[in-house]
Amino acid sequence: MIERKNIFSLLTNEDKNIISNVSGYNVDKLITEINDNENIKQKFFSYDKIVDNFEFNEKGIQILRCVLSDRVFEKKRKDNSLRDEFGYEKNGSIIIENFIPQDKFQQIEAMFLEVKKKIIFDSSPSHNTGFRLDLQNLNPIFDSIVHYLYGQTNFQYSEVELICLKHKKMDYQRDLHVDKWFPHFKLWFLPEDTDDKMGPLHFVKGSHILSEQKIKWIYRQSLIQSFDAMDLFGDKEYKNYFSHRFYPGTEYNEYLQKMGFEKETPCAFKKNTLIIFDTRCFHRRGTAPENNYRFSFRSVFPRRVALFK
């Protein structure tokens, strides 16, 4: 893996031009200033959501982090001869139906129905059930998927847990948002057929791609989060909440169209479907009647990969 001191060499001239055009500041000059400021450099190379410095965000430090993380993952995949055989690069997601062989899935389904029946009978709240699956043992292709996404062949991760979600009347997860600024993945495995009444995941295909419009959105949001004057309102959480979200009530699809993205897609699929998506994609929890249940095996992939060595 490329050493941190040489990490900026991964940027292309096109990358630098887009970042400079959006921020209005010379990227090479910004890189020099980052390297000359130990505190800023440490924050730049951290997992922190943002470098909490308005001046540096105005110069484009957050969009520089985003673009550079893309280049790092691209290089890792290339160095390990890992190719996209799953449609991830275009869509920001991997969706595979009939993921587990039918005989094995029928056993899982029978156990799931017993767990589900008890939860509904007890009117249980949202919770982790403790019912886990090892996807690698159930379908060896899972290893190939994980290796490709993380760009390394020694990465092992396959355990998922059944999550019971009981919908609430108000839920901030229904606002369209992104989770991370770097490649980061969430997984759903569906033990039953899913429809709109269950409030499935909605996500925007391809919105992990750093188009110029997406970079402009990230740039604006970084200024919102690092603008100290907003703290005068007395609620820093309010600022942090909106920094990675569309504002409630925004006409999502109309705005997405202006950014060059397609409409959001509800992940309402048949049982035995695997869904993995990059949390840089715009996404949200679907709307559902209060107290309706949604069941899925879920996992958030761990951050065991060093972004920048």
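**View 1. Helix α9 is tucked into the rest of the structure.** Eight of the ten residues of helix α9 (residues 141–150) are buried, so the rest of the structure largely encloses this helix. "Buried" here means under 20% relative accessible area, while exposed means over 50% and partly exposed is in between (1.4 Å probe, protein chains only). Helices (H or I, at least four residues) and strands (E, at least two) are DSSP runs, numbered from the N terminus. This is a predicted model, where local features need pLDDT of at least 70 and side-chain atom pairs count only at pLDDT 80 or more, while totals for chains, interfaces and linings use all residues. Residues are numbered from 1 along each chain as its sequence is written, and side-chain values use heavy atoms, with hydrogens and water left out.

Which residues of α9 are buried? They are Phe-142, Asp-143, Ile-145, Val-146, His-147, Tyr-148, Leu-149 and Tyr-150. The cover over them includes α5, α6 (88–91), β1 (93–96), α8 (135–138), β4 and β7, judged by contact, meaning heavy atoms within 4.5 Å. Right after α9 comes Gly-151, with a positive phi near 70°.

**View 2. Strand β9 has pairing partners in β3 and β4****.** Have a look at β9 (residues 293–300): seven of its eight residues are buried, so to speak mostly covered. β9 runs antiparallel to β3, and six bridges join the two. Two strands count as paired if DSSP finds at least two bridges between them. Within this pairing, Cys-164 sits opposite Phe-295 of β9. β4 also pairs with β9 in the antiparallel sense, over four bridges, and there Leu-187 has Ser-299 as its bridge partner.

**View 3. Three strands make up an open sheet****.** The strand order is β6-β5-β8, and the pairing is antiparallel. Which strands stand at the edges? They are β6 (265–266) and β8 (283–285); each has a single partner strand, so one side of each is left without a neighbour in the sheet. Strand β5 (residues 201–203) pairs with β6 over two bridges, in the antiparallel sense. One pair to pick out is His-202 with its bridge partner in β6, Pro-266.

**View 4. Arg-174 is buried but has no salt bridge****.** You'll find Arg-174 in the loop between β3 (159–166) and β4 (185–190). A salt bridge is a side-chain nitrogen of Lys or Arg within 4 Å of a carboxyl oxygen of Asp or Glu. For charge, Lys and Arg count as positive and Asp and Glu as negative, while His and the chain ends are not counted. The nearest side chain of opposite charge to Arg-174 is Asp-171, at 4.5 Å. What lies 2.7 Å from a polar atom of the Arg-174 side chain? That's the backbone oxygen of Lys-168. Leaving out residues up to four places away in sequence, Arg-174 touches residues including Tyr-252, Arg-284, Arg-285 and Gly-286.

**View 5. Salt bridges link parts of the chain****.** The structure holds 19 salt bridges. In one of them, the side chains of Asp-15 and Arg-71 meet at 2.8 Å, N to O. This pair links distant parts of the chain: Asp-15 is in helix α1 (residues 13–23) and Arg-71 in helix α5 (residues 61–79), 56 residues apart. Both Asp-15 and Arg-71 are buried.

Asp-70 and Arg-280 form another salt bridge, with their closest N and O atoms 2.9 Å apart. Asp-70 lies in helix α5 and Arg-280 in the loop between β7 (273–278) and β8, so the pair ties together parts that are 210 residues apart in sequence. Asp-70 counts as buried at 15% relative accessibility, and Arg-280 is buried too, with a relative accessible area of 5%. Salt bridges that share partners also join Asp-15, Arg-71 and Glu-74 into one network.

**View 6. The largest nonpolar core has 41 residues****.** A nonpolar core is a set of buried Ala, Val, Leu, Ile, Met, Phe, Trp, Tyr and Cys residues joined through side-chain atoms within 4.5 Å. Which residues touch the most other members? They are Phe-8, Ile-34, Phe-44, Leu-64, Phe-246 and Phe-282. Helix α5 gives this core its largest share, seven residues. Apart from this core lies another, of 35 residues, among them Ile-94, Phe-131, Val-146 and Cys-164.

Definitions and conventions:
Polar contact = N/O pair within 3.5 Å; in protein donor to acceptor, adjacent residues only side chain to side chain.
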